[in-house]
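Visitor: I'd like a close look at just one part of this protein, please. Could you pick a helix, walk me through its surroundings, and then show me what else is worth seeing?

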Amino acid sequence: MTLTWKQQALAAFSAVPFLFASTSPMATQMTSVNHAQHTTSINTIFNTTLPLTGLKGGDNALTIERIHASPALAGSSPRGLSLSPDGKRVTYLAGRDDNQSFYDLWQMEISSGVRSRLIDADKLAADELSDEEKARRERQRIYGQGIMEYFWADDSQSILIPASGQLYLFDVKSNAVTVLDTGEGFVTDARLSPKANYVSFVRDQNLFVLHLTSKKITALTKDGKGPIKNAMAEFVAQEEMDRMTGYWWSPDESHIAFTRIDESGVELVTRNEIYADGIKLTEQRYPYAGKPNVTIELGVVAITDIKTQWIDLGKETDIYLPRVKWLPDSQHLSFQWQSRNQQALDLRIVDISKPTDIKTIVKERSNAWVNLNNDLHFLKQQSALVWASERDGFNHLYLFDLNGQLIRQLTQGEWVVDSLDYVDEKQGWLYFSGRKDSVVERHLYRVNLAKGSQSIERISERSGMHQSVFAENKPVYLDYFSSLQQPPQISLHNESGKQLSWVEQNEVNASHPLYALAGQWAMPEFGHLSADDGQILQYRLFKPVPFDDSKKYPVVVRVYGGPHAQLVVNAWSEADYFTQYLLQQGYAVFQLDNRGSAHRGTKFEYVIYQNMGDAEVRDQKAGVDYLRSLPFIDGDNVAIYGHSYGGYMALMSQFKAPDYFKAAIAGAPVTDWRLYDSHYTERYMGNPEANKQGYDAGSVLPYVKNYQSGLLMYHGMADDNVLFENSTRVYKALQDEGKLFQMIDYPGSKHSMRGEKVRNHLYKSLAAFLDSQLK
């Protein structure tokens with residue numbers, strides 16, 4: 001359930017200045033009772049005194065069919081953005097005008113600015129995936145056809161493209177694509193070795209390498225079968241740790257580190273995946289909270305003699321291995337060791353010639369949990385590393401030597417670093433993304449490695465969300481940018497932030513797919529409320545289109561509410577299209593980031609520890625209290641809608657506070673945390689045996705008796721993440737209580753509810769339900 005920025009739609013940039021309100025119109029509409037709780041926060045959020053403006057364009061009404069049709073409303077919004085390691089080319093995946101989910105590989109030559117389609121996906125094999133690859137794509141939140149992934153060689157001379165279980169190698173000089181012979185069976189998790197002499201891949205639960213010159217295939221492991229999997233990331237590593245692989249090349253190509261997992265202790269679940277034309281019995285080893293996980297080993301295999309050395313992970317075997325990374329010398333390997341309760345995280349280093357000689361460099365400890373990140377970087381010009389830590393309550397960057405001694409804290413303050421993006425050792429700068437100026441925006445900054453936090457400079461300028469992609473060997477970067485006023489744009493910049501060229505300007509002009517609808521595209525008002533412990537809760541409120549302040553409007557509270565997510569942002573999101581549709585149907589839409597959500601520091605997050613579904617609901621109730629104070633809101637007609645953790649929040653909120661929420665829509669909800677996976681659930685709730693009271697109180701089921709009316713639940717009937725059983729248990733409990741409700745279950749759909757036809761039906765059903773309950 002954990003989402004990272006990689007799984008979210010990346011965005012880019014506009015030359016038009018972005019304007020934001022210095023004061024919110026809502027500030028003058030507050031009652032005196034609410035005035036102490038609510039203050040306009042536009043200045044603190046955006047650091048500007050300019051008014052918020054909408055888009056310009058036609059006044060056509062938005063339809064649900066148009067939301068999901070091609071061409072995409074966001075316009076040209078490439079994914080898979082990359083710079084060749086030498087910084088000479090930009091490459092990206094772009095959907096087609098007649099099918100936004102079918103991707104070709106495109107390039108832009110930086111010197112000339114010329115764009116061209118590099119590889120036509122029609123020339124590759126049609127999509128046919130193994131069950132393992134289908135599951136892996138679901139974990140990655142990858143959906144589409146054509147080219148979905150590609151990998152640059154470090155020398156910038158070739159690109160590896162996996163497609164339909166086969167591998168293709170594109171040669172930059174000859175502009176030719178070669179099909180690689182990988183033997184019988186589907187391959188997955190393929191990549192080029194650092195010097196591009198080999199292609200590595202996983203097949204039949206074993207690790208192989210293909211030597212590109214001799215065409216020889218070598219099996220580096222041979223015992224993978226049944227519950228034994230080599231070089232493969234286990235379910236929770238993929239779904240919750242943002243670790244999609246189980247192997248890592250050494251920089252000099254001499255060795256590969258890999259995991260060997262044994263799933264035999266993990267509960268084997270037989271699931272009925274219900275499709276329209278039949279039922280598929282699927283066996284899945286699902287690591288329920290409190291139940292056994294995989295056992296994991298870490299090996300290092302030499303490419304020349306295929307001998308494996310096993311790294312000593314310690315006596316405790318019930319652990320996690322969330323990260324593995326080679327040091328630049330290819331002789332030392334680092335790994336992050338995490339305790340089962342996730343309150344301890346160690347960075348350990350081993351000399352591969354002495355696999356039992358383990359050195360712990362950094363220790364992180366928490367009375368709640370330690371969050372993972374991808375921000376470890378080993379310097380090449382000094383014996384030091386950059387490490388991200390929340391040890392002072394906010395995620396910041398630290399410089400340690402390789403003996404674990406702190407050299408200096410590089411960033412600090414009551415704000416968070418999102419990601420470490422690039423280290424330019426030659427010039428002495430470290431580039432990172434963070435929230436130093438605004439919790440609802442992400443900007444690119446840099447800090448001097450020798451000077452630390454006093455030297456921080458902001459590089460990005462425009463208000464919104466920036467995601468930077470740097471070339472590996474050159475300090476130039478691509479700025480993936482969006483805001484509420486601008487669909488994703490991509491621009492190329494030098495190390496000081498100067499824009500060098502557009503990759504995709506994506507201007508909303510008369511030829512843009514959004515233009516005909518833009519005149520009715522509404523902008524929200526931002527503000528904040530106080531939680532019952534005094535912490536600040538950010539919200540945004542969209543008014544109906546058109547808006548008449550003499551009327552009272554029903555309101556839909558759109559919620560996620562879970563950890564590692566944030567809805568109240570100044571960013572473009574396809575999830576907001578349905579919001580815009582609701583606005584045009586006469587609804588107001590409200591979103592509030594309750595305690596437990598991301599980018600606010602550990603105090604804000606840890607409130608939910610061992611007690612999920614409590615503070616989050618109280619915060620959403622505080623939001624409704626505020627809404628009821630507004631003269632244009634019909635406080636008796638409030639619905640709450642969410643998916644996944646948001647579905648859980650919708651159920652908990654309506655069942656625990658039926659006088660607040662007249663209607664609720666719960667999509668693919670977790671309903672009892674004992675039914676969800678170990679790594680996610682135990683992080684926040686602890687072990688079910690040790691926290692029985694918390695698990696009981698955090699389950700939806702004890703509150704079913706409070707339900708009155710106005711509930712719609714939906715679930716994909718082949719969901720392998722939040723299992724369908726979560727919903728069927730509530731169905732049965734409601735039926736046993738004689739409670740009337742509605743449900744829609746989708747044959748063959750997974751957790752993400754993909755597909756144009758599925759989503760059209762789903763959103764039409766949601767809109768019809770809201771109309772029946774609130775109008």
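Guide: Here is a stroll that starts at one helix and then moves on to some rings and two single residues. Keep in mind that this is a predicted model.

Let's start with helix α6, which covers residues 576-584. Nine of the nine residues of α6 are buried, so this helix is largely enclosed by the rest of the structure. If you want to find them on screen, look for Asp576, Tyr577, Phe578, Thr579, Gln580, Tyr581, Leu582, Leu583 and Gln584. So what covers the buried residues of α6? The cover includes two helices, α3 (64-68) and α13, along with the strands β38 (536-542), β39 (553-558), β40 (588-592) and β41 (633-643). Just after α6 there's a little detail in the backbone: Gly586 takes a positive phi of about 95°.

Now pick out α13 from that cover, residues 756-774. Helices α6 and α13 pack at an angle of about 35°, and their axes are 12 Å apart. Their crossing is right-handed. On the α6 side, the contact is made by Phe578, Tyr581 and Leu582, while α13 brings Tyr763, Leu766, Ala767 and Leu770. Sort those residues by class and you get seven nonpolar, no polar and no charged ones.

Next, the aromatic rings. A pair of aromatic rings is described by the distance of the centres and the angle of the planes. The count in this model comes to 38 aromatic pairs. Take Phe201 and Phe208: their ring centres are 5.6 Å apart and their planes sit at 10°, so the pair is stacked. Both of these Phe residues are buried. Now swing over to Trp369 and Tyr684, with ring centres 4.7 Å apart and planes at 90°, so this pair is edge-to-face. Here the chain brings together distant parts: Trp369 is in the loop between β24 (358-365) and β25 (377-378), Tyr684 is in helix α10 (residues 678-685), and they are 315 residues apart. Trp369 counts as buried because its relative accessibility is 0%, and Tyr684 is buried too, with a relative accessible area of 0%. Trp369 and Tyr684 also belong to a cluster linked by ring pairs, and among the other members are Tyr560, Tyr606, Trp673 and Tyr680.

Rings can have a charged partner as well. Arg446 lies over the face of Trp429, at 4.1 Å from the ring centre. Over the face of Tyr660 you'll find Arg628, at 4.8 Å from the ring centre.

Let's finish with two single residues. Ala650 is in helix α9, residues 645-656, and it is buried, with a relative accessible area of 0%. Leaving aside neighbours within four places in sequence, Ala650 touches Ile640, Gly642, Ala664, Ile665 and Ala666. Ala666 is 16 residues away from Ala650 along the chain, yet their C-alpha atoms are separated by 5.5 Å.

Asp318, on the other hand, lies in the loop between β20 (308-310) and β21 (319-326). Is Asp318 buried or partly exposed? Its relative accessibility is 31%, so Asp318 counts as partly exposed. Not counting residues up to four places away in sequence, Asp318 touches Asn293 and Arg340. Pro292 is 26 residues from Asp318 in sequence, and the two are 8.2 Å apart in space, C-alpha to C-alpha.

Key: Residues numbered from 1 in each chain as written. Predicted model: local features only at pLDDT ≥ 70, side-chain atom pairs only at ≥ 80, totals over all residues. Heavy atoms only, no water. Axes fitted to C-alpha atoms, helices over the stretch in contact; angles between N-to-C directions. Helix = DSSP H or I, 4+ residues; strand = E, 2+ residues; numbered from the N terminus. Left-handed = near helix turned anticlockwise from the far one by under 90°. Contact = heavy atoms within 4.5 Å. Nonpolar A, V, L, I, M, F, W, Y, C, P; charged D, E, K, R; others polar. Phe/Tyr/Trp six-rings, centres within 6.5 Å; stacked < 30°, edge-to-face > 60°. Buried < 20%, exposed > 50% of the residue type's maximum accessible area, 1.4 Å probe, protein only. Lys NZ or Arg CZ within 6 Å of the ring centre and 35° of its normal.
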